[in-house]
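Subject: A structure for you to explore

Hi there,

Here is the structure I promised to pass on. Have a look at it first, and then read my notes below with the structure open beside them.

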Amino acid sequence: MSLDLLSRVDNLWKELKIPVCMAAYVGQKYEEQDERILVIGESMYVTDEISPEQFYGNENVLSIGQQQLFNYRTVVMMRTGSFSRNIERSLKKTGYSMDDIAMFNFFQRPMSMHGISNHKNVDASVDIEMGMKICHKAIELLRPTKVIIMSRKIMALLDSFHSRYFSDEFWFFAEKTNFKYIWVSHPSSLHWNRCQPGQLYSSRERFEHFIMHGQERFRLLSVQFESAVGRRDLDELIRLAKDFQAEVDF
């Protein structure tokens with residue numbers, strides 16, 4: 001990773017007057033990847049919430065202790081929570097590591113421990129506006145080829161509000177900017193390892209399939225399919241048919 005990119009990321013957070021300790025994590029090998037993967041999470045969580053009026057437009061709102069506690073890059077690198085650990089496990093299965101990806105949260109202001117679902121009128125708050133600006137501008141800066149949104153709530157917000165703050169819908173922004181995206185459930189939720197109604201795969205499987213999707217993935221599946229045919233392994237053929245269908249879906 002070039003210091004120039006990290007500096008430009010920090011400058012983006014400064015331009016939006018958000019504490020720089022919340023700025024995106026960028027892995028050391030992110031820029032080297034043919035497939036640049038960006039992960040967008042929800043928020044950091046706290047017991048005592050900082051109000052929007054205090055947080056936005058005030059780069060010095062956080063004490064030194066809070067800056068250390070909320071330093072997003074440190075939190076990601078320490079792998080202290082199930083969010084980062086589960087992502088790291090799935091990345092290893094696909095041949096990637098945390099050094100290869102970039103990450104940031106949609107909600108920059110640390111939220112209540114009760115979670116986003118308990119926030120009244122959150123869709124009308126400044127949190128949504130700042131989240132849209134961070135997503136849009138950080139994607140333009142980081143130029144990912146694949147974006148994984150780790151929350152159905154955040155995906156719904158991007159679908160509903162992106163065009164309010166920018167000139168087009170989020171899907172059209174993705175098309176213009178040349179990246180593909182999916183949403184999956186939060187890695188700390190029960191749905192990470194379970195299929196939701198109407199879905200063939202758990203969020204973990206969708207995460208892994210999406211990263212591996214592409215010509216190389218088709219090639220590997222084809223080799224495995226030919227081998228299974230030669231062995232007349234019906235169970236393996238059924239599994240591979242499911243994986244082929246997942247590639248078509250993605």
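Please keep in mind that this is a predicted model. A good place to start is a pair of helices: α6 (residues 126-142) packs with α7 (residues 152-165) at an angle of about 85°, and their axes are 10 Å apart. That angle makes α6 roughly perpendicular to α7. On the α6 side, the residues that meet α7 are Ile 128, Glu 129, Met 132, Cys 135 and His 136. Their partners in α7 are Leu 157, Leu 158, Phe 161, His 162 and Tyr 165. Sorted by class, this contact has 7 nonpolar, 2 polar and 1 charged residues.

Is α6 largely enclosed or not? Of its 17 residues, 12 are buried, so α6 is largely enclosed by the rest of the structure. The buried ones include Asp 127, Met 130, Ile 134 and Leu 142. You can also check the length of α6: at 1.5 Å a residue, its 17 residues should span 24 Å, and the end C-alpha atoms are 24 Å apart, which agrees. Just after α6, Arg 143 takes a positive phi of about 50°.

Next, the core. In soluble globular proteins, nonpolar side chains tend to be buried together. Here the largest nonpolar core has 68 residues, and those touching the most other members are Trp 13, Ile 87, Met 103, Phe 104 and Phe 106. Helix α6 gives the largest share of this core, with 9 residues. If you zoom in on Phe 104, you will find contacts with Trp 13, Leu 38, Tyr 72, Ile 134, Cys 135 and Ala 138, among others.

Asn 105 lies in strand β4. Is Asn 105 buried or exposed? Its relative accessibility is 8%, and under 20% counts as buried, so Asn 105 is buried. Among the residues that Asn 105 touches are Gly 41, Ser 43, Tyr 72 and Ile 134.

Last, turn to helix α5 (residues 82-93). Its 12 residues should span 16 Å at 1.5 Å a residue, and the end C-alpha atoms are 17 Å apart, which agrees. The buried residues of α5 are Phe 83, Ser 84, Asn 86, Ile 87, Glu 88, Ser 90 and Leu 91. These pack against β2 (37-41), α4 (72-78), β4 (101-105) and α9 (203-212). Just after α5, Gly 95 takes a positive phi of about 90°.

Enjoy looking around!

Best wishes

Note on methods: Residues numbered from 1 in each chain as written. Predicted model: local features only at pLDDT ≥ 70, side-chain atom pairs only at ≥ 80, totals over all residues. Heavy atoms only, no water. Helix = DSSP H or I, 4+ residues; strand = E, 2+ residues; numbered from the N terminus. Expected span 1.5 Å × (residues − 1). Buried < 20%, exposed > 50% of the residue type's maximum accessible area, 1.4 Å probe, protein only. Contact = heavy atoms within 4.5 Å. Axes fitted to C-alpha atoms, helices over the stretch in contact; angles between N-to-C directions. Parallel < 35°, antiparallel > 145°, perpendicular 65-115°, else oblique. Nonpolar A, V, L, I, M, F, W, Y, C, P; charged D, E, K, R; others polar. Core = buried A, V, L, I, M, F, W, Y, C linked by side-chain atoms within 4.5 Å. Lists of a residue's contacts leave out its neighbours within four places in sequence.
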